[in-house]
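Open the structure in your viewer and get ready to select a few pieces, one after another. Each stop below tells you what to pick and what to look for.

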Amino acid sequence: MSSGASDYRSKTFRLGRRAALAAGGAALAMPFVSRAGFAADAVNVGVVQPLSGANAQFGINSRNAIEMVAEEINAAGGIKSLGGARINLIVADSTSTPTTAATVAQRMISQQSVVAVLGAFASSLSLAISEVTERRGIPLLTMSFTDQLTERGFKNVFQIVSKGSVLGRAQVEDSVALARENGEEVRKIAILYEDTAYGTSQAEGLRAAAKGLGLEIAVDEGYPHGITDVTPLVNKLRISGAQLVFPVSYLNDSILIVRTMRQQGVTIPTVGGAAGYVIPDFVQALGDLADGVLSIAPANYDQAPEYTERFRKRFGYFMVHEAIEHAALMGCLVGALEAAKSKDPAAVREALLATTFDSGWATVMTGGTVKFDATGHNANAFPVMVQWQKRELATVFPAKVAKAKAVWPKRG
Amino acid sequence: MTEAVASPRAAALRPGRAVLIAAVLAVALAVPLGLDPQGYPIRVLTLTLLFAAMGQAWNIVGGLANQISLGHAGFFGIGAYASTILLRDFGLSPWLGMLAGMALAALAAAALAVPTFRLKGHYFALVTLAFGEVMRVIANSWSSVTGGPVGLSVPFAPDSLWMFQFGAARPYYYICLGALVAVTLVFWRIKAGALGYRLRAIKENADAAEVIGVDTFRAKLQAGLISATLTAGLGTVYAQFSYFFDPDTIFGVATISVRMALIAIVGGVGLTFGPIVGAFFIIPVEEFANAALAGRAAGLSAFVYGAVLIAVILLKPEGLLALFAALGKRWRERRR
């Protein structure tokens with residue numbers, strides 16, 4: 001295709017371009033060189049969260065918690081085994097796109113030499129990031145639920161919460177056990193779900209759990225996401241004889257369902273699956289009508305109020321579960337850095353696996369301490385059942401960690 | 001519209017242009033040698049090359065025949081899912097899986113062509129949009145095969161060309177560069193060949209083309225099949241590069257379908273180098289906006305990215321290549 005002359009010309013051109021590129025690259029790198037000099041002692045920690053898009057609120061909650069813990073650590077003298085090194089957070093927006101999340105993680109690994117990455121709320125984002133961190137040997141600390149995260153044989157993923165399948169099973173099993181504590185033997189349940197990917201997959205998990213307990217599913221109804229009138233659904237519920245209802249929806253639909261149930265005097269205990277059920281918006285929308293609504297949760301703020309109230313004081317709302325979990329992850333990372341006495345990601349990974357984290361922010365998780373097993377899953381975590389009581393979330397099950405007695409409606 | 005479209009002879013390689021292309025290719029081959037093989041810049045460059053190739057594949061239908069498809073994510077995802085599922089369940093090399101995905105995408109394109117290519121303009125765009133969405137819904141609901149909404153991970157394997165897996169980005173860079181060159185050659189051959197003339201005739205006036213003896217359905221079908229097949233192949237490359245994808249991303253309207261069209265349109269729709277220029281503008285701008293601004297206010301980076309795109313389209317609706325041509329002309333005139 002190209003003649004000798006063009007070969008010659010392209011070669012000289014290439015040399016010129018390379019020199020220009022090198023000069024340009026050097027110029028671009030300047031700020032990083034000077035910053036590296038300034039931050040010679042600091043430990044760079046990557047924070048990848050969805051700060052824009054559908055999951056933005058959760059990403060911001062998570063970032064708030066991580067920043068608060070980092071500031072507390074720095075104020076208390078930094079990482080002592082590293083000569084008081086400060087924690088320097090590198091925060092980036094994963095948006096809602098897995099590819100962007102992975103690219104952002106790649107950026108902070110290669111440009112800021114982070115010792116670990118914390119992120120990124122949504123399972124799809126965390127899975128995408130884990131593919132990058134695994135290949136670069138950087139620990140990824142996450143509170144995403146999906147079972148896949150720690151079941152692919154990866155060596156650098158640390159999942160602090162109960163897995164999604166465990167949470168799904170507990171949602172049914174714990175509520176049946178809670179009913180038994182309150183003198184009611186559950187035989188019939190109802191499942192209402194929005195016909196989205198989220199809704200149908202959650203409903204599937206609930207069905208499997210109900211089957212495992214030999215429960216009859218009296219109502220099993222999908223409804224269009226964003227439904228405007230749920231009266232027919234609630235009527236069906238009322239005459240079905242169901243003793244527990246599981247409305248699977250993100251936020252708005254479940255608010256509508258609970259409100260309509262209350263207006264029609266339907267008192268069947270309602271059990272949510274975390275997500276929209278355990279955030280301030282839920283109680284803001286429903287007010288006192290939220291009272292009595294149950295939900296499964298991977299962590300709750302009343303387990304360690306001496307820590308979580310600091311969050312409420314600073315940000316003006318209670319410490320939501322993703323904030324708790326990210327704060328605990330940050331606590332584990334600080335503990336691992338202390339134990340590793342090194343900023344080498346491989347050493348930090350070793351310390352994360354070897355240490356039982358039983359002090360500071362690591363203790364706010366359910367279980368009180370954090371110990372990662374060989375797969376990187378926190379073996380000490382277990383789900384809790386929470387209930388809205390007087391506009392606060394109270395842990396009501398299991399008994400060993402319950403902070404309040406469940407309010408159970410009188411049947412009849 | 002522009003001279004390149006108006007006179008097909010312009011598609012033939014001029015000597016000056018050949019030198020320029022050789023020089024650009026040489027630079028493209030040399031650049032990774034100076035970059036950290038696992039670093040961030042090479043990852044962005046690799047994604048840019050991949051999206052340039054995707055824009056080019058879209059350009060075959062969208063540019064030459066002016067059939068604006070907003071459903072190419074459908075083919076893209078078919079490629080990604082086909083190779084990954086075959087790898088997961090049968091340990092089949094993704095290169096073979098890529099062929100399977102391309103065949104499936106060709107089937108899907110043929111099935112889609114029957115009802116849609118009779119449609120024009122907005123209606124065609126809407127039906128293709130629906131096609132992509134249908135694929136997304138299927139991938140979300142058919143959990144036993146696709147893994148459902150959680151997404152699909154490419155099984156981890158040590159570095160191997162046969163298994164299409166590398167720890168570093170550098171091999172992917174060269175694969176994506178090769179893919180871009182290959183798709184661009186296909187595009188260029190079509191554009192300069194008989195099919196290109198037929199597609200241009202359809203673009204100018206479909207009825208007139210039919211009257212002078214162009215089998216418009218056949219020409220559009222051929223272009224559609226080639227475009228879909230190439231897109232599916234690139235889907236496999238994407239899956240192997242990112243190791244993980246979920247239905248909402250791989251079949252996404254904004255993430256894939258619209259972006260493919262946008263890259264071609266911003267660069268210069270129907271032009272051989274349009275998607276390349278478009279991708280080298282859009283992907284780095286998006287990255288830069290995210291890197292520089294995402295840590296500040298939420299959504300600011302997306303806002304800046306959108307504002308830049310709007311500015312480009314307002315400034316020169318024909319695309320960046322036309323803008324460069326106009327600037328170059330003005331510069332030459334001033335020098336005279």
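Start by selecting strand β8 (residues 244–248) of chain A: five of its five residues are buried. Here a residue is buried if 20 or more other C-beta atoms, placed from the backbone, lie within 10 Å of its own (exposed means 12 or fewer, partly exposed is in between). Strands and helices are DSSP runs, numbered from the N terminus: E over at least two residues for a strand, H or I over at least four for a helix. A word on the source: this is a predicted model, in which local features need pLDDT of at least 70 and side-chain atom pairs count only at pLDDT 80 or more, while totals for chains, interfaces and linings use all residues. Residues are numbered from 1 along each chain as its sequence is written, with chains lettered from A and ligands numbered from 1 in the order in which they are written.

Now show the side chains of β8(A). In a regular strand, side chains alternate between the two faces of the sheet. Look for A:L244, A:F246 and A:V248 on one side, and A:V245 and A:P247 on the other; all are buried, so to speak, on both covered faces.Next, add strand β6 (residues 188–194) of chain A. Which strand runs parallel to β6(A), joined to it by five bridges? It is β8(A), where A:F246 stands opposite A:I191. Two strands count as paired if DSSP finds at least two bridges between them.

Strand β6(A) has another parallel partner to select, strand β7 (residues 216–223) of chain A, with seven bridges between the two. Find A:Y193 and its bridge partner A:G222 in β7(A). Then follow the chain from β6(A) through helix α6 (residues 197–212) of chain A to β7(A): this β-α-β crossover is right-handed. That term means that, with the strands pointing away from you, the path from the first strand over the helix to the second runs clockwise.

Move on to an open sheet of four strands in chain A, in the order β9-β10-β13-β14, with mixed pairing. Because β9 (271–273) and β14 (392–397) of chain A stand at the edges with a single partner strand each, one side of each has no neighbour in the sheet. Neighbouring strands here are turned by 35° against each other on average, direction ignored. Within this sheet, β9(A) pairs with β10 (residues 294–297) of chain A in the parallel sense over three bridges, and A:V271 has A:L294 as its bridge partner.

For the last stop, select helix α5 (residues 164–181) of chain A, which lies across β9, β10, β13 (384–389) and β14 and runs at about 135° to β10(A). Such angles run from 0 to 180 degrees between N-to-C directions, using axes fitted to C-alpha atoms, for helices over the stretch in contact. Residues are in contact if their C-beta atoms, placed from the backbone, lie within 7 Å.

Finally, zoom out: chain A has twelve helices and 14 strands, and buried residues make up 52% of its 412 residues.

Note on methods:
Two residues are in contact if their C-beta atoms, placed from the backbone, lie within 7 Å.
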